[in-house]
Amino acid sequence: MTEIKSLTIQELKEELAAMGEKPFRAGQIFKWLHGGVESFEEMSNLSKDLRARLAERFILTVPQVARKQVSQVDGTVKYLWRLRDGDCVESVLMHYEHGVSVCVSTQVGCRMGCKFCASGLNGLKRHLSAGEILDEVLFMQKDSGETVSNIVLMGTGEPLDNYDNVLKFLHLVSCPEGVNIGQRHISLSTSGIADKIEKLAGEKLQITLSVSLHAPDDETRSSIMPVNDAYPVERLMRACRYYFDTTGRRISYEYMMARDKTDRPWQAEKLASLLRGRPAHVNLIPLNEVAESPLRPSRPETVRRFQQALEKRGVTATVRRKLGPDIDAACGQLRRRELQKQQDTGRF
Ligand code: SAH
Ligand code: SF4
């Protein structure tokens with residue numbers, strides 16, 4: 001059976017036509033779906049007969065809140081969703097001056113194997129469907145009663161490893177008949193699958209591409225990110241150049257500050273020379289400690305010096321503010337705890 005929320009309005013129209021229904025019903029149904037209904041029964045402007053036939057023909061995904069943590073410091077909310085098949089994924093809702101921003105997962109687990117990341121420790125379980133990624137947004141809106149204005153694809157998973165579903169999600173979530181979040185308010189973060197970055201450039205989207213660079217030299221980068229063996233720094237930077245040339249969108253580079261690993265003065269210099277002449281923005285992210293990894297966060301003064309070294313060389317860099325410091329903030333940590341709990345109690 002088809003998951004109805006993974007369908008575009010056009011596809012929904014075709015399905016309805018095949019069922020002998022009027023195409024305008026597609027718009028009504030789409031609205032209900034994107035409003036976060038939990039059953040076809042709720043679609044009160046459809047006949048009982050049509051509601052029953054939809055229920056027979058389609059799957060309506062309704063994620064359940066398995067856990068929820070609210071920061072007492074800044075109101076950041078972290079959700080752990082239980083999906084239809086029992087798998088869990090995380091999302092986070094954050095408050096900024098300019099609105100509400102959510103961070104969503106794109107896969108259950110991740111196969112990229114970055115050494116510092118809790119999401120990848122157990123490998124990839126499965127991809128999320130377009131509708132399941134959309135559900136994270138819909139049900140955070142519903143649960144919180146707030147309107148989401150920005151989305152970052154920075155939760156668990158490598159978005160470009162789930163290319164087709166993520167692309168469809170981007171179309172669904174920016175559709176005017178649905179939640180209508182403009183592509184300029186969406187960021188996609190990738191560990192650097194260069195050929196997929198080039199493919200994405202061809203879609204001519206208005207989203208912001210965020211590249212998790214984390215180290216400017218192959219030796220360091222390969223030691224923490226296996227993807228660098230397939231797409232070394234120079235290859236990745238070529239793809240980034242192509243992305244900018246094709247879309248005109250400035251790229252944002254994520255750079256994780258790990259003590260004595262990625263924060264050395266020569267690395268700031270090398271990073272600046274990599275980015276010279278490119279419209280770019282660097283986000284310095286203090287490493288979140290993960291028990292399984294020996295990496296430690298840089299000292300605050302080292303982060304400051306690194307930032308100044310970049311600025312001095314004409315590269316704009318900001319230090320990412322840590323949201324929800326009193327809850328498990330790092331990607332994948334809530335899901336990992338839940339997995340361990342389930343393993344401990346023998347539920348797996
Ligand atoms: N897979 C994508 C998007 C999800 S990860 C990617 O890797 O870009 C989102 C961001 O969190 C990435 O920049 C990632 O490198 C970073 N991240 C993962 N674990 C982290 C940790 N322990 N501390 C700081 N940043 C981390
Ligand atoms: Fe996957 Fe991103 Fe974590 Fe790397 S940092 S393992 S790509 S989720």
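These questions and answers walk through salt bridges, a pocket and a ligand site in a predicted model.

User: How many salt bridges does the structure hold?
Analyst: A salt bridge needs a side-chain nitrogen of Lys or Arg within 4 Å of a carboxyl oxygen of Asp or Glu. By that rule, the number of salt bridges in the structure is 19.

User: Which parts of the chain does the pair of Asp87 and Lys125 link?
Analyst: The side chains of Asp87 and Lys125 meet in a salt bridge, with N to O at 2.5 Å. The two residues are 38 residues apart, so the pair links distant parts of the chain. Those parts are the loop between strand E4 (77-82) and strand E5 (88-96), which holds Asp87, and strand E8 (residues 124-127), which holds Lys125.

User: Is Asp87 buried or exposed?
Analyst: Buried means under 20% relative accessible area. Asp87 has 7% relative accessibility, so Asp87 counts as buried.

User: How many residues apart in sequence are the parts that Asp87 and Arg126 tie together?
Analyst: Asp87 also meets Arg126 in a salt bridge, at 3.1 Å from N to O. Asp87 lies in the loop between E4 and E5, while Arg126 lies in strand E8. The pair therefore ties together parts whose separation in sequence is 39 residues.

User: Which residues are joined into one network by salt bridges that share partners?
Analyst: Arg126 forms a salt bridge with Glu132 as well, the closest N and O atoms being 3.0 Å apart. Glu132 is buried, with a relative accessible area of 6%. Through shared partners, the one network joins Asp85, Asp87, Lys125, Arg126 and Glu132.

User: Which element gives the largest share of the lining of the second largest pocket?
Analyst: This pocket has a volume of about 160 Å³. Its lining includes Asp263, Arg264, Thr302 and Phe306. Two elements give two or more residues to the lining: helix H10 (265-275) and helix H11 (300-312). The largest share, 5 residues, comes from H11.

User: How many residues of the lining of the second largest pocket are charged?
Analyst: Among the lining residues are Glu269, Arg305, Lys312 and Arg313. The lining also has 4 nonpolar residues and 1 polar residue. The number of charged residues is 6.

User: How many residues of the shell around ligand 2 are nonpolar?
Analyst: The residues around ligand 2 include Cys110, Met112, Cys114, Phe116 and Cys117. Gly113, Gly157, Glu158 and Ser191 are also around ligand 2. The shell has 3 polar residues and 1 charged residue, and its nonpolar residues number 5.

Methods
Residues are numbered from 1 along each chain as its sequence is written. Chains are lettered from A and ligands numbered from 1 in the order in which they are written. This is a predicted model: local features need pLDDT of at least 70, side-chain atom pairs count only at pLDDT 80 or more; totals for chains, interfaces and linings use all residues. Side-chain values use heavy atoms; hydrogens and water are left out. Helices (H or I, at least four residues) and strands (E, at least two) are DSSP runs, numbered from the N terminus. Buried means under 20% relative accessible area, exposed over 50%, partly exposed in between (1.4 Å probe, protein chains only). On a 1 Å grid over the protein atoms alone, a cavity is a set of points where a 1.4 Å probe fits but cannot get out, and a pocket is an open set with protein on both sides within 12 Å along at least five of seven lines; lining residues have an atom within 4 Å of a point. Grid points are joined across faces, edges and corners, and a volume is the space filled by probe spheres set on the points. Ala, Val, Leu, Ile, Met, Phe, Trp, Tyr, Cys and Pro count as nonpolar, Asp, Glu, Lys and Arg as charged, and the others, Gly among them, as polar. A residue is near a molecule or strand if one of its heavy atoms lies within 4 Å of it.
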